[in-house]
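Q: I have a model open and would like to learn how to read its pockets, cavities and helix packing. Could you walk me through them?

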Amino acid sequence: MIASSSRRLVLAAVLAGLLGTGSALAEQRTLTVYSSLDEDQAKALADGFMAANPDIKIEMINGSTAPIIARVIAEGANPLGDVIMGNAVSALMAADAKGLLESYKPANYDAVSPVMRDNRENPVWVGIDAWAASVCFNTVEAEKLGLPVPKSWQDLTNPAYKGHITMPSPLSSGTAFLAVNGWLTAFGEEGGWKYMDALHENITQYGHSGSAPCRQAAAGETVIGISYSTPGVKAINDGAPIKIILPEEGLGWEIEATALIKGAKNTDDARKLADWVSSREAAQISSKFLPITAYDDISELPPNYPEGEKEKLLKMDFASLAANREAVMAEWQKRYGTKVPPKQ
């Protein structure tokens, strides 16, 4: 039997340990992060950061490009979020023009590829990765319907595809917006809108998620989904009869970047996240999802990722895209908005 004094010492030690644990938990800070990255990628990056910073807990709010930016705009001078970890650069630049982002040069800024960073004197964003438009094509459903395999964007205007194509709406999705800007770049402004008029005839509906058209094609709900490669690759690796097509005219693309929200309550921790997300360690994580990372020498793609994507990227003017963002979306809404379903 333990003596009374010894029991008191043991009890005191246990209580001290419990109090210490409680104190450590109480000291853990919460960082609110808005992200439009692929959800698996966002989680992997958040887990990596929290492993390196156990005193910080990330509360992640995922959403498509436009809703995340709309949220930041709506919160204005009283932001609820601290940092945007992954949103289209053209959308971030539009938010910056409204004075909503904080200038910050992350610790790893100079090591990042020049094309993947804001090279202004007072940068507000640093790139994480880049993604591009592509086509997910269900080979089994196409064979049943006798539909040919498209090779180009122009092929998608073939009347044979009427009612067999879905794509996101650029009013919600950054993936759709980069596709639209890609067509305006590849075909010119007049030709781009003429192309979209013809494509619109074949579209079943415009959704709100950039990855959904690939998932719909994988499930046989549509034959063709205009999306990006990552969800299609995941579907292929899960056994879906999907072919990913990189149209021959070239691919619209965008940079996904990190930016600090001006007036955030946890600026110091937000800067820590920006520092870490711009690191080589973070790029190694992102390379498992997309071919272009913040570091030119880091690329580790999953099986069945399409070859030649990087070579097909169009020359995009991101500053111009940011300046024309609202005008392009307004024109798109006027022409095609009747096929956009209400958000659930």
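The dialogue below takes up pockets, a cavity and two helix features in turn.

A: Happy to! Keep in mind that this is a predicted model.

Q: How does one look for empty space, and what is the volume of the largest pocket?

A: Rolling a probe the size of a water molecule over the atoms shows where empty space is left. Here, the largest pocket has a volume of about 580 Å³. Its lining is made of 30 residues. Nearest the centre of the largest pocket lie Asp38, Ser209, Ser211, Arg215 and Tyr228.

Q: Which elements give two or more residues to the lining of the largest pocket?

A: They are helices H2 (39-52), H6 (174-200), H7 (212-218) and H8 (229-237), together with strand S3 (83-88). The largest share comes from H8, with four residues. By class, the lining of the largest pocket has 15 polar, eight nonpolar and seven charged residues.

Q: What about the second largest pocket: how many residues line it?

A: The second largest pocket holds about 310 Å³ of space and is lined by 14 residues. Closest to its centre are Asn181, Leu184, Glu189, Asn324 and Val328. Helices H6 and H11 (318-336) each supply at least two lining residues, and H11 gives the largest share, six residues. The lining of this second pocket divides into six nonpolar, four polar and four charged residues.

Q: And how many cavities of 30 Å³ or more are there?

A: The count comes to four. In the largest cavity there is about 50 Å³ of space. Its lining consists of Tyr104, Pro106, Val124, Trp125, Val126, Thr258, Ala259, Leu260 and Ala274. Strand S10 (residues 253-261) provides the largest share, three residues. Sorted by class, the lining of the largest cavity has eight nonpolar residues, one polar and no charged ones.

Q: Now for helices: at what angle do H2 and H9 pack?

A: Two packed helices are described by the angle between their axes and the distance between the axes. H2 and helix H9 (residues 267-277) pack at an angle of about 115 degrees, and their axes are 11 Å apart. Angles of 65 to 115 degrees count as roughly perpendicular, and H2 and H9 are therefore roughly perpendicular to each other. Their crossing is right-handed.

Q: One last helix: which residues of H3 are buried?

A: In helix H3 (residues 65-75), the buried residues are Thr65, Ala66, Ile68, Ile69, Val72 and Glu75. Look just past its end, too: glycine 76 follows H3 and has a positive phi, near 50 degrees.

Terms used
Residues numbered from 1 in each chain as written. Predicted model: local features only at pLDDT ≥ 70, side-chain atom pairs only at ≥ 80, totals over all residues. Heavy atoms only, no water. 1 Å grid on protein atoms, 1.4 Å probe; cavity = no way out; pocket = protein on both sides within 12 Å on 5 of 7 lines; lining within 4 Å. Points joined across faces, edges and corners; volume = space filled by probe spheres on them. Nonpolar A, V, L, I, M, F, W, Y, C, P; charged D, E, K, R; others polar. Buried < 20%, exposed > 50% of the residue type's maximum accessible area, 1.4 Å probe, protein only. Axes fitted to C-alpha atoms, helices over the stretch in contact; angles between N-to-C directions. Parallel < 35°, antiparallel > 145°, perpendicular 65-115°, else oblique. Left-handed = near helix turned anticlockwise from the far one by under 90°.
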